[in-house]
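The exercises below are meant to be worked with the model open beside the text. Try each task before reading its solution.

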Amino acid sequence: MASVPSVEEHVALARYTTIGTGGPARWFARPESLDELQEQLGWAAEQGVTVETIGLGSNLLVADAGVHALVLKLSGELAAARVEGETLIAGGGAPNAVALHRARAAGLGGFEFASAIPGTAGGGVRMNAGAYGRDWREVLIDVVVVDAQGARTLTADDLDLSYRHSSIGSGQVVAQVRFGLVSRPPEEVKARAAELLMKRKATQPTNKRTFGSVFKNPADGPGAGALIEKCGLKSHRIGGAQISPRHANFIENPGGATTADCIALMAEARRCVLERFDVRLEHEVQLLGPLELPPL
Ligand SMILES: Cc1cc2nc3c(=O)[nH]c(=O)nc-3n(C[C@H](O)[C@H](O)[C@H](O)COP(=O)(O)OP(=O)(O)OC[C@H]3O[C@@H](n4cnc5c(N)ncnc54)[C@H](O)[C@@H]3O)c2cc1C
């Protein structure tokens, strides 16, 4: 197979996920510009190789067997952020903390809710990430999406954004995101972001290895965490993974967990919630590689 110099082989992905589990990517690249990204996408298309993109791996479970794909992690200018007027322009790989910092320094508010979301601008689009009553949809102007066919600009309406959902699929890379923000004094932005982070620390295991919410909250009734807790599964362990003693919609890796352990815990929680409450939980965490939950 012809190689592109910037594509590495057999790269461990566990260190690129916040839960710290999973096997290697067959191919891995860190494109730093649109040109480099397009070169790598062209190579993958020529070779018939599937493409997957990761951000900070903060809502991601990677199969222990690894991923037979070219896994991209946007870097360089594709992970930077800047402000023009009241628009925050972030590379798809820009961490939310960096984007928020740029917005605050420029005296722009409206993105503070993302301070508690440890992902990237592009990962936030794919997930329509949100917290404290706000989500990406509310601040998004448009995005540049790149795939093997080239780059195009999509508006928030084109992306079909709803609760932790967008139309972005495998092989589509969110390379740039434009957010429309509003003028706000930097100290107000800082205070609001700090307040939200404190709230978060009070209820969630923010200092543990997790991948954020395991399941989406059902449309009606109690949240996924409350249902799993009522099943008596708080602190339940399988192998090296544990349902968080702090919040039952989180799985922690205190050390030595595998992705298979996490999947087994998810299956157990789903089975119990269906049996006891007749509610089918849908997973929020994204699965990468040959991975699936057993059918209910
Ligand atoms: C402690 C903790 C708290 C969290 N709190 C919240 C919260 O309050 N609200 C919330 O919504 N989420 C929360 N999350 C989950 C997570 O942070 C978000 O879903 C985040 O948006 C994921 O971004 P990421 O860059 O890490 O994406 P990843 O986890 O790396 O990937 C998630 C999905 O996005 C895709 N993707 C990533 N980048 C791109 C890109 N550039 N182009 C195309 N597809 C891409 C991946 O292929 C995958 O399907 C939390 C996670 C943790 C660990």
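**Exercise 1.** In which loop does Ser235 lie? Determine also its backbone phi and its degree of exposure in this predicted model.

*Solution.* Begin with the position along the chain: Ser235 belongs to the loop that runs between α6 and β15. Next take the backbone, where phi of Ser235 is positive, about 75°, although the residue is not a glycine. For comparison, most residues other than glycine have a negative phi. Finally, the relative accessibility of Ser235 is 35%, so the residue counts as partly exposed, a class that lies between the 20% and 50% cut-offs.

**Exercise 2.** Describe helix α7: what span does it reach, which of its residues are buried, and what do they pack against?

*Solution.* Helix α7 covers residues 259–277, and its 19 residues reach 26 Å from the first C-alpha to the last, close to the 27 Å expected at 1.5 Å a residue. Its buried residues include Thr259, Asp261, Cys262 and Ile263, and further along Leu265, Met266, Ala269 and Val273 are among them. As for partners, the buried residues of α7 pack against α6 (224–230) and against the strands β4 (60–62), β15 (237–238), β16 (241–243), β17 (251–252) and β18 (286–288).

**Exercise 3.** Which residue follows α7, and is it buried or exposed?

*Solution.* The residue that follows α7 is Asp278, placed in the loop between α7 and β18. Its phi is near 55°, a positive value in a residue other than glycine. With a relative accessible area of 65%, Asp278 is exposed.

**Exercise 4.** How many cavities of 30 Å³ or more are there, and what lines the largest?

*Solution.* The count comes to one cavity of 30 Å³ or more, and the volume of the largest cavity is about 40 Å³. Its lining is made by Val214, Phe215, Ile228, Ile243, Ala248, Ile251, Leu265, Met266 and Ala269. Sorted by class, these are nine nonpolar residues, with no polar and no charged ones. The largest share of this lining, three residues, comes from α7.

**Exercise 5.** What radius of gyration does the chain have, and what would a compact globule have?

*Solution.* A compact globule of 296 residues would have a radius of gyration near 19 Å, and the chain, with 19 Å, agrees with this. Along its principal axes the C-alpha trace spans about 55 × 50 × 30 Å, and the secondary structure comes to seven helices and 18 strands. Of the 296 residues, 50% count as buried. Among contacts between residues at least 6 apart in sequence, 65% join residues at least 24 apart.

Key. Residues numbered from 1 in each chain as written. Predicted model: local features only at pLDDT ≥ 70, side-chain atom pairs only at ≥ 80, totals over all residues. Heavy atoms only, no water. Helix = DSSP H or I, 4+ residues; strand = E, 2+ residues; numbered from the N terminus. Expected span 1.5 Å × (residues − 1). Buried < 20%, exposed > 50% of the residue type's maximum accessible area, 1.4 Å probe, protein only. Contact = heavy atoms within 4.5 Å. 1 Å grid on protein atoms, 1.4 Å probe; cavity = no way out; pocket = protein on both sides within 12 Å on 5 of 7 lines; lining within 4 Å. Points joined across faces, edges and corners; volume = space filled by probe spheres on them. Nonpolar A, V, L, I, M, F, W, Y, C, P; charged D, E, K, R; others polar. Rg over C-alpha atoms; globule rule 2.2 N^0.38 Å.
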